[in-house]
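Trainee: I should be grateful for a close look at a single part of this structure. Please explain it together with its surroundings.

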Amino acid sequence: MAEEQPLQGPEPYRSGFVALLGRPNAGKSTLVNRLVGQKVSIVSEKPQTTRRRVAGVVTSTTHQLVLLDIPGFQKPRDELTQRMQHTVNAVLKEIDAAVFLVAGDEQIGKGDAFIAGSAAQTGVPVIVAVNKADMLSPEQRARQLDKARGLGDFESAFVISALTGEGLAELRVALEALLPLGPRYFPGNEVTDQSEEDLIAELIREKALRVTEQDVPHAVSVEVLEMEEREGKDFIYIRAAVFVERSSQRPILLGEGGRRLKEIGSDARRDIEHLLGRRVYLDLVVQVKKHWRRNPGFLGRLGL
Ligand SMILES: Nc1nc2c(ncn2[C@@H]2O[C@H](COP(=O)(O)OP(=O)(O)O)[C@@H](O)[C@H]2O)c(=O)[nH]1
Ligand SMILES: [Mg+2]
């Protein structure tokens, strides 16, 4: 009778959690956004921009990749950084794979070696990727890839650009191949685990980071206080507070004649309108919250 086995039915579903690891500025958040196809994790050139674990979800008919953007490794200095490091440690225990990202235009050094070591300790397969290929000559690509490979025992290695998308299709295929059988952890239309309010607060913080320097970015946090439909209006009203730690930082956020805050507001509004798909009235206030980085209750309120 029929000797041939019937072809397999639909492929079994695969899913898993993949952490993005790498020094500040390597392009981890940019990569998550690009793979997800939407901004779910904010991007800035300031270190320690990412304060909590942000999931970016990529769903297909056969796979679900949950990309975890996490804070950078650091020595805890206060309650905030302690919580951030705790998040990192917790994430490393729940992942199925990791992508170790190295900036193509920066010297590979001790920091990278340390992160590669931490990645190896998790025991999960690790893919190494040299990012920012758009800035590199063919020789530079080859040299950096060689050095990156030398940092550990990697599943595979890629040269990519999170900015232009170069090499990302290949990276995604390699990542999907590492996923175990598993369920859809998130509904197919969800791209992140953050609430709308959280994401809006983050978009505002991103703009505040861009226009501040030195210590100030670290002293900024944002909370959405109110979000509501106004009767008979075709926009959504959002009121948010930008918190700083010291009264001396307040004028920095405000700028001359309130101009800097206005700039933060109009930049953020554009992103929020894109996110919500509708018009937004954004009302921003700057508030001083003394030593909020050491305040467990306040950190909890911000979801940190
Ligand atoms: N030229 C170039 N810049 C990139 C690329 N990926 C990220 N960047 C930039 O590098 C900076 C840091 O990116 P970010 O994603 O915040 O890095 P993270 O700290 O690792 O999360 C930002 O200014 C990005 O625009 C890339 O592929 N090419
Ligand atoms: Mg980041």
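Mentor: The account below begins with one strand and then moves outward from it.

This is a predicted model, in which local features need pLDDT of at least 70 and side-chain atom pairs count only at pLDDT 80 or more, while totals for chains, interfaces and linings use all residues. Residues are numbered from 1 along each chain as its sequence is written, and chains are lettered from A and ligands numbered from 1 in the order in which they are written.

The part chosen is strand β1, which spans residues 14-21. Helices (H or I, at least four residues) and strands (E, at least two) are DSSP runs, numbered from the N terminus. Of the eight residues in β1, seven are buried. A residue is called buried if 20 or more other C-beta atoms lie within 10 Å of its own, exposed if 12 or fewer do, and partly exposed in between, with C-beta atoms placed from the backbone.

S15 belongs to this strand. It is buried because 21 other C-beta atoms lie within 10 Å. Leaving out residues up to four places away in sequence, S15 touches H63, Q64, L179, G182, P183, R184 and Y185; contact here requires C-beta atoms, placed from the backbone, to lie within 7 Å. By contrast, the C-alpha atoms of S15 and L203 are separated by 28 Å, these residues being 188 apart along the chain.

Next come the strands beside β1. Two strands pair if DSSP finds at least two bridges between them. Strand β3 (residues 63-69) runs parallel to β1 and is joined to it by seven bridges; within β3, L65 is the bridge partner of G16. Strand β4 (residues 97-103) also pairs with β1 in the parallel sense, over four bridges, and there V99 stands opposite L20.

The nonpolar residues of this region can be considered next. In soluble globular proteins, nonpolar side chains tend to be buried together. A nonpolar core is a set of buried Ala, Val, Leu, Ile, Met, Phe, Trp, Tyr and Cys residues joined through C-beta atoms within 7 Å. The largest such core has 50 residues, and V18, A19, L68, A98 and F100 touch the most other members. Strand β4 gives the most to this core, namely six residues. Setting aside neighbours within four places in sequence, L68 is in contact with F17, V18, A19, L20, R53, A55, V91 and I95. Another core lies apart from the largest one; it has 29 residues, including L209, V242, A268 and L282.

On a wider scale, the chain is divided into domain 1 (14-177) and domain 2 (196-301), with bounds that come from an automatic or database domain assignment. Their C-alpha centres lie 27 Å apart. Eleven residues from domain 1 and 13 residues from domain 2 take part in the contact between them.

Finally, ligand 1 has 20 residues around it, of which G27, K28, S29, T30 and L163 come nearest; a residue is counted as near if its C-beta atom, placed from the backbone, lies within 6 Å of the molecule. Helix α1 (residues 28-36) supplies the largest share of this shell, three residues. By class, the shell has six nonpolar, ten polar and four charged residues. Here Ala, Val, Leu, Ile, Met, Phe, Trp, Tyr, Cys and Pro count as nonpolar, Asp, Glu, Lys and Arg as charged, and the others, Gly among them, as polar.

How values were computed
Contact = placed C-beta atoms within 7 Å.
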